[in-house]
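These exercises ask the reader to work through the pockets of a protein, one step at a time. Please look at the sequence and the model before starting.

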Amino acid sequence: MQYTISETSMGNRPNVSLPNPIILATLKEEGMRNLISRHYDLLAESKIKDLFPENEQALAMAKKHSADFFIQICGGPKYFNESRGAPRMVARHMPFKITPSARVVWLEMFAKAIEETNLSEEEKKSFWDYVDIFSIWMINTPEPIN
């Protein structure tokens, strides 16, 4: 599949459509947790690894929270709301300096993780379309001027 990353500017808040619930039906909870775990493992080795916990326990908790969120937005149980409250993802990500280039790396690592799943091309596209637009909302820091 071609993973196209949408161009954007800081402060842009495009409409985002939830992924097709068939994704969770295909992956099941275990598969979604594996996808998110793989994504975080790739991020921990990436150029933006400093945005993620180094401590194994903290990283495992971040993986759990993220998987809970993605299970929920794919139509599964509301694990995230039950354990963390309303998602409010923009506010939750404010402590982290997320630049447009950090977003690109985050998406590149997600593309790799998605490719390792057994999702159909249509399911991959639905999931990708969600994370591509969702990630635009997380940008909160301009690129540094060199």
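**Exercise 1.** Which helix gives the most to the lining of the second largest pocket, and with how many residues?

*Solution.* The model is a predicted one, in which local features need pLDDT of at least 70, side-chain atom pairs count only at pLDDT 80 or more, and totals for chains, interfaces and linings use all residues. Residues are numbered from 1 along each chain as its sequence is written, and side-chain values use heavy atoms, without hydrogens and water.

Step 1: a pocket is, on a 1 Å grid over the protein atoms alone, an open set of points where a 1.4 Å probe fits, with protein on both sides within 12 Å along at least five of seven lines, and its lining residues have an atom within 4 Å of a point.

Step 2: the lining here consists of Val16, Leu18, Phe69, Arg88, Met89, Val90, Tyr130, Phe134, Trp137 and Met138, and helix 4 and helix 6 are the elements that give two or more residues to it.

Step 3: helix 6 gives the most, with four residues (helices are DSSP runs of H or I, at least four residues, numbered from the N terminus).

**Exercise 2.** Describe the space and the centre of the largest pocket.

*Solution.* Step 1: about 640 Å³ of space lies in the largest pocket.

Step 2: the lining has 26 residues, and those closest to the centre are Tyr40, Phe52, Met89, His93 and Phe96.

Step 3: helix 2 (56-73) gives the most to this lining, with six residues.

How values were computed: Grid points are joined across faces, edges and corners, and a volume is the space filled by probe spheres set on the points.
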